Amino acid sequence: MSTTPAYCPVCHNAAIALWSVAKDYEYFSVPGEFSYYGCNNCKSIFIHPVPVEQLMQIYPPNYYSFVNKGRGMVVRLKEWLDKRLFKKIFRQLEGDSLNILDVGGGTGWMLDILKATDKRIVFTQSVDIDTNARTEAEAKGHAYFTGTIEQFVTDKKFHLILMLNLVEHVADPLAVLQKAEDLLMPGGIILIKTPNTDSWDARLYRRSYWGGLHCPRHWVIFSEKSFRLLLQSTGLQVQKLTYTQGAPFWAFSIIASLYRRRMVNISAKRPIIFHWLFAPLAALFALIDFIRRPFAKTSQMFIMLDKEKG
Ligand SMILES: [Zn+2]
C-alpha cells in the first residue's frame, strides 16, 4: 500500500520526499490517510498513490451541493472582483460572437456571470463529471457534456476556456492542458485558477493540515515554477500570472488544525464550510491576502494562457 513514487509527475525529477500525510478533514468522504509528496526541484506537491478507484466516494453526491451552498458573502465579493478581471479579458477577445467553455463548470453559474458581462457571448458549454448538474445547466441555455475534458468531443473552438480550480483535481494535468489547447480558437485565452504550494500557509500548516491539499481531491498541486515547466510540453504560454486570495485554504487549515486538537467539532454531516468559524475566518483572510497580494505569493494563482505564435 505505502509505495514511494519514483519521480515527480510534473518535472520527472527523482528528488522527492514525503511532504505530508493527510485525511479528508473537509468532507470525511473516505476514512484513511493519504500521502502527499513534494518535489525538491519544481516544488510540486502530489498525492501518491492516486485514489482513482475511489473517485465516486471522494466526490460524494452532496459534495456539489455543499460547494454551492458554501457560496456566501465572501464568494460574492470574489465574483465582483472576477467580473472586473473578465471585463479586461473580453476586451482582448476579437469577434462579434464568442464561444465559451467552462471545464468543471457544473450548473453554469460562472457562465451566467460571463453572459451578463459581454453581449457577444452566443454559445456557452459546461463540461463536468457531475451528472446532476445537466438539467439546471440546460434549462439556463448552456450546452452540457457529462464527463471529463479528455472525453469531450466537439467541432467547436472556443474564444475563452475556463479551468477554475480544475487542473489540480486531475491525474494528468498535461493531457488536460493539451486538450484545452486543441479546443482554443487562435487569439483565444485559457484562464486557470489553481493553488500555489510556494505560499506562507502551505509552509505554516504542513505539519497539521494545509487546506490547499483539499485531501484527497487535489492530486497535483503546482507552484509558479512547476506550472511554467509543465507548459513547456504544450504550445501554450503564460500571458499573465497573478496571485489571488486563498481565503478558503486558510479557513480549512485553521479549522482542521483546531479539530485535530479537539477544540472544534466537524463531521461528514457538518463539513468545515458549515462550521460557524468558516465564514468569519474566510472573510478575514480574504482581506489579509488581498492586502498582501501585491508583494507576496498567496496560495492561489490566476493564470492567463494563450497560444504561442509561429
Ligand atoms: Zn518536480
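Which residues in helix 9 meet which residues in helix 10? The sections below take up this contact and then the two sheets, the backbone exceptions and one residue of the N-terminal segment.

## Basis of the description

The structure is a predicted model. Every feature described here is therefore a property of that model.

## Contact of helix 9 with helix 10

From helix 9, the residues A247, P248, W250, A251, I254 and I255 take part in the contact. Their counterparts in helix 10 are F278, L281, A282, F285, A286 and D289. By class, the residues of this contact comprise eleven nonpolar, no polar and one charged.

Helix 9 covers residues 247–260 and helix 10 covers residues 278–292. Their axes come within 8 Å and cross at roughly 130°. The two helices are therefore oblique to each other, because an angle must be over 145 degrees to count as roughly antiparallel. The crossing of helix 9 and helix 10 is right-handed.

## The four-stranded sheet

One open sheet contains four strands in the order 1-2-3-9, and its pairing is antiparallel. Its edges are formed by strand 1 (16–22) and strand 9 (220–221), each of which pairs on one side only. In general, strands of a sheet pair through backbone hydrogen bonds, either parallel or antiparallel.

Strand 1 and strand 2 (residues 34–39) run antiparallel and are joined by six bridges. Within this pair, I16 stands opposite C39 of strand 2, and V21 has S35 of strand 2 as its bridge partner. Strand 2 is also joined to strand 3, by three bridges, and these two strands run antiparallel. Here G38 has I45 of strand 3 as its bridge partner. Strand 2 and strand 3 form a hairpin with five residues between them. In the turn of this hairpin, K43 has a positive phi of about 70°.

## The seven-stranded sheet

A further open sheet is formed by seven strands in the order 6-5-4-7-8-11-10, with mixed pairing. The edge strands are strand 6 (143–146) and strand 10 (236–244), and each pairs on one side only. From one strand to the next, the twist averages 15°.

Strand 4 (residues 98–103) and strand 5 (residues 121–128) run parallel, with six bridges between them. In this pair, I100 stands opposite T124 of strand 5. Helix 4 (residues 109–117) packs on the sheet and touches strand 4, strand 5 and strand 7. The direction of helix 4 makes about 165° with that of strand 5.

## Backbone exceptions

Most residues other than glycine have a negative phi, and most peptide bonds are trans. The following positions depart from one or the other of these tendencies.

Two cis peptide bonds may be noted, beginning with the bond that joins H48 and P49, where omega is about -5°. P49 is located in the loop between strand 3 (45–47) and helix 1 (55–58). The peptide bond from C215 to P216 is also cis, with omega near 0°. P216 is located in the loop between helix 7 (200–204) and strand 9.

Positive phi values occur at N165 and R262, neither of which is a glycine. At N165, phi is about 50°. This residue is in the loop between strand 7 (158–164) and helix 6 (173–183). N165 counts as partly exposed because it has 16 C-beta neighbours inside 10 Å. At R262, phi is about 55°. R262 is in the loop between helix 9 and helix 10. With 7 C-beta neighbours inside 10 Å, R262 counts as exposed, because the limit for that class is 12 or fewer.

## P9 in the N-terminal segment

Is P9, in the segment before strand 1, buried or exposed? P9 is buried, because 22 other C-beta atoms lie within 10 Å and the class requires 20 or more.

When residues up to four places away in sequence are not counted, P9 touches F46 and V220. F46 falls within strand 3 (45–47), and V220 falls within strand 9 (220–221). The C-alpha atoms of P9 and N99 are separated by 32 Å, and these residues are 90 residues apart along the chain.

How values were computed. Residues numbered from 1 in each chain as written. Predicted model: local features only at pLDDT ≥ 70, side-chain atom pairs only at ≥ 80, totals over all residues. Axes fitted to C-alpha atoms, helices over the stretch in contact; angles between N-to-C directions. Parallel < 35°, antiparallel > 145°, perpendicular 65-115°, else oblique. Left-handed = near helix turned anticlockwise from the far one by under 90°. Contact = placed C-beta atoms within 7 Å. Nonpolar A, V, L, I, M, F, W, Y, C, P; charged D, E, K, R; others polar. Pairing = 2+ DSSP bridges.
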